[in-house]
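The following questions and answers ask how certain descriptions of a model are justified. Each answer sets a value against the definition that applies.

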Amino acid sequence: MTLTLPKAIHELEFGHGSCYGKEEQEAVLEVMRAGAPSCGPWVKRFEDEFARYCGTEYGLAVTSGTTGLQLAMIAAGVGPGDEVITTPLSWIATANAAAALGAEVIFADVDERTLNLDPASVEKKITPRTKAILPVHLYGQCSDMDALNDLARPRNIRVVEDAAHAAGAEYKGRKAGSLGDIAVFSFHQQKNMVTLGEGGLITTSDKSLYLRMLSHRSLCCLTYDPKGKYLPLDETIHPMGKRYWFLDFEEIGFNYRMTDVQAAVGLVQLRKLDSLNQRRMQIAAAYSAGLKDIRGLTLPFIAPGNKHVFHIYCVLVEDAFSRSKEDFMWELYTEKKIKAWSHYMPIHLTTVYRQMGHGPGECPVAERLFEKYVSIPIHPRMTDEVVQYVIDSIEDLS
């Protein structure tokens, strides 16, 4: 069948992400007029508002989700000799956060329907060396957090949510970001809300964890004038006197601070987040209605009690479908101009993790699903015409 290309066909080349408007432009100009500070008042406001949105006590803005995960692992006390259990289905940054600190990454398998971490598999992987469990709210749907917390808490294991896909998602009425000890969000250009290409934010309600992450975000610097960037010097140990300029550094830290111009955009995006997610859910509902009768195509499953915000709309190409996964993706791209993707390469099958001793057979469910899953474009810039074109194109290939 020959289909008419929609006017906004270019929106199918970049199949994910958010959208900017005049409000974001004005926010950028306002910060520029103020000298475009780094990690100043806009960052603090963004941290406070995002934490309030998630229902946590503290927020900490960072340069990316990747650096946020590293700070979370540091705060959790992860280091050489420890084990961190996580999923093989994620961007590699999830596992790298633990591996970079010298810990051993243990991959547990995933649930067949949600593709999220399977608590039954996690339980089998727990040892006395397990320091943290790192679930990913894959594609915008929260993991089974009650089950994971029930495994972790009696054993004093930290639970760190990788919520990179899940800004605004909910689990049994609670927001992602408030479901573990620490949570990490990404505002990369492909995410549900964005901060000029890169950015991230950490949430927690544990003050000691927050302070440790704040310190490591800013080089573990101590000062008499912290301004929200640093930790204060203890004047009972180091009386200031006339030495207002004095600094000290208590550990090896990093500069992972967000800029005010990013935070200003983040504040606008946060105010829009629920409506942006609502559009994603509308598109997902249209996809599910339009594709439900196609033989050999399994559509996303939403677990009871979850609010799925569809960072990604993932279908499974089964044996009964007319084409293989590879042929389906190639023909969508070359014939229909629709750039589908495969999220993600199982981390334990990548070269670097094979070199660490991982490999095929470790997570059989994830490996089987990898041969099936395809992400089709979904983002709030898509018009109804574009959405229908995607549906018609998939039907045409079925």
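Q: What makes strand 4 and strand 5 a pair?
A: In this predicted model, strand 4 (residues 130–134) and strand 5 (residues 158–162) are joined by two bridges and run in the parallel sense. Pairing requires at least two bridges, so the two strands qualify. Within this pair, Ile133 stands opposite Val159 of strand 5.

Q: To which sheet do strand 4 and strand 5 belong, and why are strand 1 and strand 3 called edge strands?
A: Both belong to an open sheet of seven strands with mixed pairing, in the order 1-9-8-5-4-2-3. Strand 1 (58–62) and strand 3 (104–107) are the edge strands, as each pairs on one side only. From one strand to the next, the twist averages 20°.

Q: How do you know that helix 7 packs on the sheet?
A: Helix 7 (residues 207–217) touches strand 1, strand 5, strand 8 (182–186) and strand 9 (200–204). Its direction makes about 20° with that of strand 1. Angles under 35 degrees count as roughly parallel, so helix 7 and strand 1 are roughly parallel by that criterion.

Q: Why are helix 3 and helix 7 called oblique to each other?
A: The axes of helix 3 (residues 65–75) and helix 7 cross at roughly 125° and come within 9 Å. Roughly perpendicular covers 65 to 115 degrees and roughly antiparallel begins over 145, so the crossing angle fits neither class and the helices are oblique. The crossing is right-handed. Leu71, Ala72, Ile74 and Ala75 in helix 3 meet Leu209, Arg212, Met213, His216 and Arg217 in helix 7.

Q: How do you know that the buried residues of helix 6 line one face of the helix?
A: Helix 6 (residues 145–152) has Met145, Leu148, Asn149, Leu151 and Ala152 as its buried residues. Viewed down the helix axis, the buried residues of helix 6 fall within an arc of 160°, so they line one face. An α-helix has 3.6 residues a turn, so residues three or four places apart point the same way. The buried residues of helix 6 pack against helix 5 (119–125), strand 4, strand 5 and strand 6 (170–171).

Q: What makes strand 15 and strand 16 a pair, and which residues of strand 16 are buried?
A: Strand 15 (residues 313–317) and strand 16 share four bridges in the antiparallel sense. Pairing needs at least two bridges, and therefore the criterion is met. Tyr373 of strand 16 is the bridge partner of Leu316. In strand 16 (residues 373–376), Tyr373 and Ser375 point one way, Val374 and Ile376 point the other way, and all are buried.

Notes: Residues numbered from 1 in each chain as written. Predicted model: local features only at pLDDT ≥ 70, side-chain atom pairs only at ≥ 80, totals over all residues. Heavy atoms only, no water. Axes fitted to C-alpha atoms, helices over the stretch in contact; angles between N-to-C directions. Contact = heavy atoms within 4.5 Å. Buried < 20%, exposed > 50% of the residue type's maximum accessible area, 1.4 Å probe, protein only. Arc of directions from axis to C-beta. Left-handed = near helix turned anticlockwise from the far one by under 90°.
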